[in-house]
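Reader: Before I take any label in this model on trust, could you go through the reasoning behind each one with me?

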Amino acid sequence: MARSLGYQFENAINSRFGKNGKGGFDKHSMRKNKVDTTDKVFSYKERESLIKLGYQIDKFMKKNYPGIKNVNEITAEHMQSFLNVKANTNNKNSLISIKSNLNKLDKVSSKRYKTKSGYFMCGVTTPKTTCKNNIRQNVSATPKDWSRIEKEMESSRSKANNLIRLGYNLGLRVESLSNMRACDFDFKNELVHIVDDKGKRDRTLKMTDAELCKKVVGVRTGKEKITNMKPDSINRQFKRLCEKAGITKFKNARTGIHALRKGRACIYARELKDAGMGREAVLGEVSRFLGHRTSRRDVLTKYLDEETIDYISK
């Protein structure tokens with residue numbers, strides 16, 4: 001293994017990403033048939049997330065343990081140290097997610113390089129966060145924020161602008177924007193289909209701005225993607241717009257377009273309340289709108305601000 005640790009992790013991840021590294025595993029079918037899924041990578045999003053983490057580990061190891069050249073030389077002590085550093089900049093939920101991805105890296109690496117499973121995660125625990133700025137889940141874009149951002153778009157020619165508008169309009173994840181296809185837009189019935197979103201879930205939303213959708217789709221047809229832009233590129237444009245607009249709270253909370261998604265959730269919840277829905281019904285519909293499971297806890301704890309919760313609880 002003469003390549004970098006990051007490359008070695010990427011190689012291991014691709015080896016467990018469906019047939020010939022091209023995806024294709026059916027998680028739900030495999031679980032139904034009681035097939036072990038812990039050492040397999042199912043979606044492009046999961047693959048990208050794991051690869052990104054692998055290169056973060058590479059950078060950390062070069063700085064702190066430069067003598068480690070092969071993935072199978074990494075120990076639980078190294079990974080505990082890596083997680084402890086992450087605790088300085090990530091909240092509790094993020095740390096849990098990082099540890100889960102580390103466990104997956106452990107599994108795919110052990111399969112690829114034929115080592116004992118758990119060789120660098122055995123005994124590793126999730127540390128307590130020491131992040132002073134632990135407000136990421138509570139920051140959302142207000143209508144005033146959005147007005148300022150839209151104003152800055154007037155002097156910008158970035159192709160990401162209409163994608164950002166679409167994301168705010170439909171409360172989408174930035175990854176969803178990057179993966180949407182022309183066939184996902186049903187202009188006849190004024191519907192937008194969100195396919196294979198987080199958790200392999202699909203949902204259908206009302207097309208509230210047909211003209212914007214037509215601009216985004218353009219002349220593309222069928223399964224052509226509406227953009228070649230990556231999620232990071234779209235988020236970078238959003239951050240540039242916020243910087244020009246003098247909005248710093250998203251940067252301070254280390255969040256991007258997800259703040260627009262939360263802002264749209266708050267607006268939608270108030271609209272539903274005004275339409276006569278009760279609190280539980282509002283939470284259920286907002287959960288569906290966002291593409292979450294039927295549980296309403298995430299909507300309460302991560303998406304709706306206190307003012308909105310009070311408003312729908314009256």
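Author: We can begin with a hairpin, bearing in mind that this is a predicted model. Strand 1 and strand 2 form a hairpin with 4 residues between the strands, and within it E190 takes a positive phi near 55°.

Reader: Where is E190 placed, and what makes it partly exposed?

Author: E190 is in the loop between strand 1 and strand 2. Its relative accessible area is 45%, and since buried means under 20% and exposed over 50%, with partly exposed in between, E190 is called partly exposed.

Reader: Why is a phi near 55° pointed out for E190?

Author: The value is positive, and E190 is a residue other than glycine. Most residues other than glycine have a negative phi. K114, in the loop between helix 5 and helix 6, also has a positive phi near 55°.

Reader: Is K114 called buried or exposed, and why?

Author: K114 has a relative accessible area of 74%, and because exposed means over 50%, K114 is exposed. S97, which is placed in helix 5, has a value of 40% and is therefore partly exposed.

Reader: How do you know that strand 1 and strand 2 pair?

Author: Two strands count as paired if at least two bridges are found between them, and strand 1 and strand 2 have 2 bridges, in the antiparallel sense. F185 stands opposite V192 in strand 2. Strand 2 (residues 191–194) also pairs with strand 3 in the antiparallel sense, over 4 bridges, with H193 opposite T204 in strand 3 and I194 opposite R203 in strand 3.

Reader: What makes strand 1 and strand 3 the edges of the sheet?

Author: The sheet is open and has 3 strands in the order 1-2-3, with antiparallel pairing. Strand 1 (185–186) and strand 3 each have a single partner strand, so one side of each is left without a neighbour in the sheet.

Reader: Which side chains of strand 2 point to which face?

Author: V192 and I194 point to one face and are buried, while L191 and H193 point to the other and are not buried. In a regular strand the side chains alternate between the two faces of the sheet, and the side chains along strand 2 do alternate.

Reader: Turning to the aromatic rings, why is the pair of F9 and F120 called edge-to-face?

Author: Ring centres must lie within 6.5 Å for a pair, and planes over 60 degrees apart count as edge-to-face. The centres of F9 and F120 are 6.2 Å apart and their planes stand at 90°, so the pair is edge-to-face. This pair links distant parts of the chain, because F9 is in helix 1 (residues 5–15) and F120 in the loop between helix 5 (92–112) and helix 6 (143–153), 111 residues apart. F9 is buried, with a relative accessible area of 0%, and F120 is likewise buried, at 0%.

Reader: Why, then, is the pair of F238 and F250 called tilted?

Author: Planes under 30 degrees apart count as stacked and those over 60 as edge-to-face, with the rest tilted; the planes of F238 and F250 are at 35° and their ring centres 5.7 Å apart, so the pair is tilted. F238 lies in helix 10 (residues 231–245) and F250 in helix 11 (residues 249–252), so the pair ties together parts that are 12 residues apart in sequence. Both F238 and F250 are buried. By this rule there are 8 aromatic pairs, and ring pairs also link F60, Y65 and F82 into a cluster.

Reader: How do you know that a charge sits over the ring of Y168?

Author: The distance part of the rule asks for a charged end within 6 Å of the ring centre, and the charged end of R264 sits over the ring of Y168 at 4.6 Å from its centre. R3 similarly lies over the face of Y7, 4.6 Å from the ring centre.

Reader: Which residues line the second largest pocket, and how do they divide?

Author: The lining includes R264, together with N169, L170, K206, E271, E285 and R288 among others. The lining residues divide into 4 nonpolar, 2 polar and 5 charged. The volume of this pocket is about 230 Å³. Helix 7 (160–170), strand 3 (203–206), helix 12 (258–274) and helix 13 (279–290) each supply at least two residues of its lining.

Notes:
Residues numbered from 1 in each chain as written. Predicted model: local features only at pLDDT ≥ 70, side-chain atom pairs only at ≥ 80, totals over all residues. Heavy atoms only, no water. Phe/Tyr/Trp six-rings, centres within 6.5 Å; stacked < 30°, edge-to-face > 60°. Buried < 20%, exposed > 50% of the residue type's maximum accessible area, 1.4 Å probe, protein only. Lys NZ or Arg CZ within 6 Å of the ring centre and 35° of its normal. 1 Å grid on protein atoms, 1.4 Å probe; cavity = no way out; pocket = protein on both sides within 12 Å on 5 of 7 lines; lining within 4 Å. Points joined across faces, edges and corners; volume = space filled by probe spheres on them. Nonpolar A, V, L, I, M, F, W, Y, C, P; charged D, E, K, R; others polar.
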